[in-house]
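Reader: Please take me through one part of this model in close detail, beginning with a single residue and working outwards from it. Once that part is clear, I would like to know what else along the chain deserves a look.

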Amino acid sequence: MFRCDKRASKMYIALTILIITLSEAKMNVYVTDDSPIERIGNRLYKKELLTDEFADPKELAYDSASRNLYFMYMDDDIQNSGRAFINVVTKNAVKIKGIERNKATAVDSETGDVYFGSDDGLYKYNALDNIAVNIGLYNVNIYKLVIRNNEIYVIDANNHMIYKINDMLKAVKVGDMKTVMEFDVDNQKNLHFVTMCGVFCYTGDDIVKNTDLKVVYHFIIDGDKVLGVTDDGMYEIDCANGTASNIAKLDFFPRSIIFGDYGDIFYSIDNYIYRLRPINSYLVYNIYMKNKPFR
């Protein structure tokens with residue numbers, strides 16, 4: 001049984017004074033075209049604005065076949081959350097009708113089917129009519145939606161527990177995890193989730209608590225790797241060992257972030273959706289600067 005124990009602890013703060021002498025510093029200057037660039041770990045990316053026409057976009061979900069990036073946003077017309085997609089090639093954006101309280105978005109990578117979650121169940125996107133149609137689970141308040149390995153998982157906002165959806169009709173509780181705020185499923189069918197008590201991985205037999213991370217805001221599945229976005233950057237997570245290693249600092253804090261094709265990264269922040277495209281060739285100039293000692 002999964003238990004979440006809260007225990008009070010004392011915090012000791014130590015103040016250390018450091019005296020640093022700077023005798024020589026090096027600055028790297030990267031020369032590429034006129035596009036702004038972002039550095040994540042040891043990779044450089046061109047930063048491209050896809051759209052700034054939607055308020056607070058999040059819940060990004062990408063379909064490789066159509067090259068459409070689906071998302072939810074705050075819609076002034078319906079005074080609630082709406083949903084839309086933007087084609088990452090043409091940058092043409094389209095609003096989707098048929099659902100007024102969108103909370104979750106996911107794409108089935110195997111079929112290209114697009115699903116949305118709301119407080120009255122599960123919706124499926126009909127591309128011909130550009131409308132989201134309710135297909136069931138009317139008593140489930142879908143807060144988060146994940147589709148992986150031909151299986152659908154949701155967080156029910158009524159109790160913040162995880163359920164697996166069978167035949168689009170029945171929600172079956174997974175484990176006994178409570179107060180779940182974020183989760184994802186990797187390609188080995190391990191379930192990664194965050195509660196008020198920390199970061200965990202459920203293998204189907206055991207629940208392993210991560211000893212390195214207290215919170216993860218976004219999980220990203222990249223092949224056999226599971227990445228987590230935290231306040232300190234991006235970490236690679238080891239499910240079995242309950243550990244994580246920092247692999248990159250981020251100069252931005254995304255509202256939502258996912259991987260696309262060919263190493264692309266999509267993320268949203270404020271009212272913007274950006275695309276990061278890997279840079280494969282650039283010039284590097286090393287500039288050495290001599291400084292007087294810092295006193």
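Author: C239 counts as buried, at 11% relative accessibility, where buried means under 20% relative accessible area, exposed over 50% and partly exposed in between (1.4 Å probe, protein chains only). The model is a predicted one, in which local features need pLDDT of at least 70 and side-chain atom pairs count only at pLDDT 80 or more, while totals for chains, interfaces and linings use all residues. Residues are numbered from 1 along each chain as its sequence is written, and side-chain values use heavy atoms, with hydrogens and water left out.

The partner of C239 is C201, and the two form a disulfide with their sulfur atoms 1.9 Å apart, inside the cut-off for a disulfide, a pair of cysteine sulfur atoms within 2.5 Å. C201 is buried as well, with a relative accessible area of 3%. Rotation about the S-S bond is -85°, which makes the link of C201 and C239 left-handed. The pair joins distant parts of the chain, 38 residues apart: C201 belongs to strand β18 (residues 198-202), whereas C239 sits in the loop between β22 (233-238) and β23 (243-248). Strands here (E, at least two residues), like helices (H or I, at least four), are DSSP runs numbered from the N terminus. By the same sulfur cut-off, the count for the model comes to one disulfide.

Both cysteines also help to line the largest cavity, whose other lining residues are H192, V199, F200, V208, K209, N210, I237, D238 and G242. A cavity is a set of points, on a 1 Å grid over the protein atoms alone, where a 1.4 Å probe fits but cannot get out, and lining residues have an atom within 4 Å of a point. The volume of this largest cavity is about 40 Å³, a volume being the space filled by probe spheres set on the points, which are joined across faces, edges and corners. With a threshold of 30 Å³ or more, the count comes to one cavity. Strand β18, which holds C201, gives the largest share of the lining, three residues, and the elements that give two or more residues are β18, β19 (207-209) and β22. By class, the lining has six nonpolar, three polar and two charged residues, with Ala, Val, Leu, Ile, Met, Phe, Trp, Tyr, Cys and Pro counted as nonpolar, Asp, Glu, Lys and Arg as charged, and the others, Gly among them, as polar.

Beyond this part, two open sheets can be described. In one, five strands follow the order β2-β3-β26-β25-β24 with antiparallel pairing, two strands being paired if DSSP finds at least two bridges between them. Strands β2 (37-40) and β24 stand at the edges with a single partner strand each, so one side of each has no neighbour in the sheet. Within this sheet, β3 (residues 43-51) and β26 (residues 272-278) pair in the antiparallel sense over six bridges, and K46 stands opposite R277 in β26.

The other open sheet has four strands in the order β4-β5-β6-β7, again with antiparallel pairing, and its edge strands, β4 (55-63) and β7 (93-96), each pair on one side only. Strands β5 (residues 68-75) and β6 (residues 80-87) are joined over eight bridges in the antiparallel sense, and I86 in β6 is the bridge partner of L69. D56 lies in strand β4 and is partly exposed, at 31% relative accessibility. Although D56 and N271 are 215 residues apart in sequence, their C-alpha atoms are 4.9 Å apart in space.

A few turns with positive phi complete the picture. Strands β10 (residues 121-126) and β11 (residues 131-136) pair in the antiparallel sense over five bridges, with L122 opposite G136 in β11. Their hairpin has four residues between the strands, and N130 takes a positive phi near 50° there. H160, in the loop between β13 (151-156) and β14 (161-166), has phi near 55°, a positive value in a residue other than glycine, and H160 is partly exposed, at a relative accessible area of 25%. For Y262, too, phi is near 55°; Y262 lies in the loop between β24 (256-259) and β25 (265-269) and is exposed, with a relative accessible area of 70%.

Conventions: 1 Å grid on protein atoms, 1.4 Å probe; cavity = no way out; pocket = protein on both sides within 12 Å on 5 of 7 lines; lining within 4 Å.
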